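Grab a pencil and have the viewer open. Let's work through a few exercises together, one step at a time.

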Amino acid sequence: MQGSSPDYEVGDILRVSCAPVPARVTGVSRSYVSIEWPWGEVDPDSQYGWNGRFALPVEPDGWEWSLFRTEGDPRGLEPDDTCLVGIPETLVRVIDVGHYDPPMDTGRLPRPQTLLIVLPVDRPGVEGGSEDEGDTIELDSAAPIVMERVSHNRSG
């Protein structure tokens, strides 16, 4: 990720984007479109057997939400199609921050040291809050994510 900073806090508002790149579709279901992840690589020393694929929700604004999206309607995709995947410019709020030393084993390289859990600013959180409702930004990601802090949480 470009321009990462270790001082993100819960409540920060970020403008996030990632230029779309081609990816091969590996599978399609009613709920997900699976693609060959175009960034990073399989971690040969991982305890997980990541297969190089990533599943994106077919309903981009459904309960299960993802920053990354295919361009165009994912419901029209078929296995072996090529699509563009990226992050359209999105305003998000940070709902959780995780720091990992040693870096977290996700099955992919590079292993992240800092994760931000985010939600779109216009999406209300679930009562009681849950990081499961958000999406994760790996500050050490191989994806060329561009982030700009729009407002900083100065309460803490």
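Below are four short exercises on this predicted model, each with a worked solution.

**Exercise 1. Find out how confident the predictor is, overall and at the start of the chain.**

Step 1: Begin with the whole protein. The average pLDDT is 87, and 86% of the residues score at least 70.

Step 2: Now look at the start of the chain. Over residues 1–5, pLDDT stays under 50. The model has 16 contacts for this stretch beyond four places in sequence.

**Exercise 2. Decide whether Ile87 and Thr26 are buried or exposed, and list what they touch.**

Step 1: Place Ile87 first. You'll find Ile87 in strand 6.

Step 2: Check its accessibility. Buried means under 20% relative accessible area. Ile87 has 3%, so Ile87 counts as buried.

Step 3: Look for partners, skipping neighbours within four places in sequence. Ile87 is in contact with Val16, Ser17, Cys18, Leu67, Phe68 and Ile145. Take Val16: it sits 71 residues from Ile87 in sequence, yet their C-alpha atoms are 7.3 Å apart in space.

Step 4: Do the same for Thr26, which lies in strand 1 (residues 13–28). Its relative accessible area is 19%, so Thr26 is buried too.

Step 5: List the partners of Thr26, again leaving out neighbours within four places in sequence. They are Ser34, Ile35, Glu36, Arg53 and Pro79.

**Exercise 3. Work out where Gly72 sits and whether Gly72 is buried or exposed.**

Step 1: Locate Gly72. It belongs to the loop between strand 5 (69–70) and strand 6 (82–99).

Step 2: Compare with the cut-off, which is over 50% for exposed. Gly72 has 55% relative accessibility, so Gly72 counts as exposed.

Step 3: Try a distance. Gly72 and Leu84 are 12 residues apart in sequence, and from C-alpha to C-alpha they are 8.4 Å apart.

**Exercise 4. Describe the largest pocket and say which strand gives the most to its lining.**

Step 1: Start with the volume. The largest pocket has about 270 Å³.

Step 2: Move to the lining. It has 16 residues, and those closest to the pocket's centre are Trp37, Phe54, Arg108, Thr136 and Glu138.

Step 3: Sort the lining by class. You get 10 nonpolar, 3 polar and 3 charged residues.

Step 4: Turn to the strands. Strand 7 (108–109) and strand 9 (135–138) each supply at least two lining residues. Strand 9 gives the most, with 3 residues.

Conventions: Residues are numbered from 1 along each chain as its sequence is written. This is a predicted model: local features need pLDDT of at least 70, side-chain atom pairs count only at pLDDT 80 or more; totals for chains, interfaces and linings use all residues. Side-chain values use heavy atoms; hydrogens and water are left out. On a 1 Å grid over the protein atoms alone, a cavity is a set of points where a 1.4 Å probe fits but cannot get out, and a pocket is an open set with protein on both sides within 12 Å along at least five of seven lines; lining residues have an atom within 4 Å of a point. Grid points are joined across faces, edges and corners, and a volume is the space filled by probe spheres set on the points. Helices (H or I, at least four residues) and strands (E, at least two) are DSSP runs, numbered from the N terminus. Ala, Val, Leu, Ile, Met, Phe, Trp, Tyr, Cys and Pro count as nonpolar, Asp, Glu, Lys and Arg as charged, and the others, Gly among them, as polar. Buried means under 20% relative accessible area, exposed over 50%, partly exposed in between (1.4 Å probe, protein chains only). pLDDT is the predictor's confidence in each residue, from 0 to 100. Contact means heavy atoms within 4.5 Å.
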